[in-house]
Structure formats: structure tokens, C-alpha cells
Amino acid sequence: MDEYRHLLLAVDFTAETDQVVERAVGLRAKCGAKLSLVHVVEYIPMAYSGDLSLPDDFNLEQELLDVARKRMDALGERLGVKEGDRYVALGSPSREILRIVREHHVDVVVVGSHGRHGVSLLLGSTASSVLHHAECDLLAVRIKEVT
């Protein structure tokens, strides 16, 4: 594991996020590696908003990005991750994670896994896509049910 110099922790800010964070922090300590954080806000198709009435100047994606940045800053401060190593993006989670992996020479991506059935269900579509397209390792942390 000494070849891991740069870890990228993908967080979704669900109730299970702390389980994945703990594993990434432990790996960082064992390897003496740099830790970066990423959260991706997915595009929201407004065609699916139904009868939802929003003001003309309301930008839901921008609101979600602002909330994500606040949560990312709080997590980054808690973990001692520098501001320049915290990434909040808008788009496809797998594409954005893969972009950051390439641009920042990441050695391993740490993501959560719910452990259902089959590869895509086991890893989830984002983790499965990262696994198949990244030129680095992927650590899928099995999520235990939070009750």
C-alpha cells in the first residue's frame, strides 16, 4: 500500500458517509498519503419537475452546489483536507470522478458500496463505471445499514 500517495474520497453526504470517511482516513494514515475529497451534484432534468412551480430566477442546481460546498468545507475542515483538495462538481458522478483522477494523479478512489446483488448493484453504477474506466485502484467500502 505504500504506492498510494494520493487518495480521492467520493462522498455523497448520506447517513452512511461517515463509514466511508473512516476507511479513507485509516488508509491515509497507513500510507501517509494525501487525501482529496469529491462530491458531484447530478444534473436535474427540469422536465421531471411535474407541477412544481419555481420562481423564474430560482436555480436549483446552483442551490444544490452551494449546499454541497458548505458540507464539503465542513468535512474538509474536520479531516484536515486543504481547500484546494476539495472538489464539488456538477455533472455525471463517474465522469467527474474520472476527470479528477486524471487531472490530479490519484492512486486510489474510495467509494461506498451497498453490497446488493450483481456487479453494478454491488458497487453501484458510479463505482462500477470508475472501476472499469479509471487507471487507478478502487476501494469499495461495504456500507452497513444505519439504524
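## Leu60 and helix 2

In this predicted model, Leu60 is part of helix 2, and because its relative accessibility is 27%, it counts as partly exposed. Leu60 and Tyr43 stand 17 residues apart in sequence, while the distance between their C-alpha atoms is 9.8 Å.

Helix 2 has 20 residues, which at 1.5 Å a residue should span 28 Å, and the C-alpha atoms at its ends are indeed 28 Å apart, so the expected and modelled spans agree. After helix 2 comes Gly80, which has a positive phi, near 75°.

## The two sides of helix 2

Which residues of helix 2 are buried? They are Leu65, Ala68, Met72, Leu75, Gly76 and Leu79, and because these residues cover an arc of only 95° around the axis, they lie on the same side of helix 2. An α-helix has 3.6 residues a turn, so residues three or four places apart point the same way.

The buried residues of helix 2 pack against helix 1, strand 2 and strand 3 (86–90), whereas Lys70, Glu77 and Arg78, on the other side of helix 2, are exposed.

## Nonpolar cores

The largest nonpolar core contains 21 residues, and within it Leu9, Leu35 and Leu37 touch the most other members. At least two residues of this core come from each of strand 1 (6–10), helix 1 (17–31), strand 2 (34–41), helix 2 (60–79) and strand 4 (108–113), with helix 1 supplying the largest share, five residues. Apart from this core there is another, made up of 17 residues that include Tyr87, Ala89, Ile100 and Cys136.

The surroundings of Leu37 can be listed in full: leaving aside residues up to four places away in sequence, Leu37 touches Leu8, Leu9, Met72, Leu75, Gly76, Leu79, Val81, Asp85, Arg86 and Tyr87. Among these contacts of Leu37 are Met72, Leu75, Gly76 and Leu79, which also belong to the buried residues of helix 2.

## Confidence in the model

Averaged over the chain, pLDDT is 84, and 80% of the residues score at least 70. Among the elements of the chain, strand 1 has the highest mean pLDDT, 97, and helix 4 (residues 119–133) the lowest, 65.

Over residues 116–123 pLDDT stays under 50, although the model has 16 contacts beyond four places in sequence for this stretch. Where pLDDT is low, the predicted coordinates should not be read in detail.

Methods
Residues are numbered from 1 along each chain as its sequence is written. This is a predicted model: local features need pLDDT of at least 70, side-chain atom pairs count only at pLDDT 80 or more; totals for chains, interfaces and linings use all residues. Side-chain values use heavy atoms; hydrogens and water are left out. A nonpolar core is a set of buried Ala, Val, Leu, Ile, Met, Phe, Trp, Tyr and Cys residues joined through side-chain atoms within 4.5 Å. Buried means under 20% relative accessible area, exposed over 50%, partly exposed in between (1.4 Å probe, protein chains only). Helices (H or I, at least four residues) and strands (E, at least two) are DSSP runs, numbered from the N terminus. Contact means heavy atoms within 4.5 Å. The expected span of a helix is 1.5 Å times one less than its number of residues. The arc is that of the directions from the helix axis to the C-beta atoms. pLDDT is the predictor's confidence in each residue, from 0 to 100.
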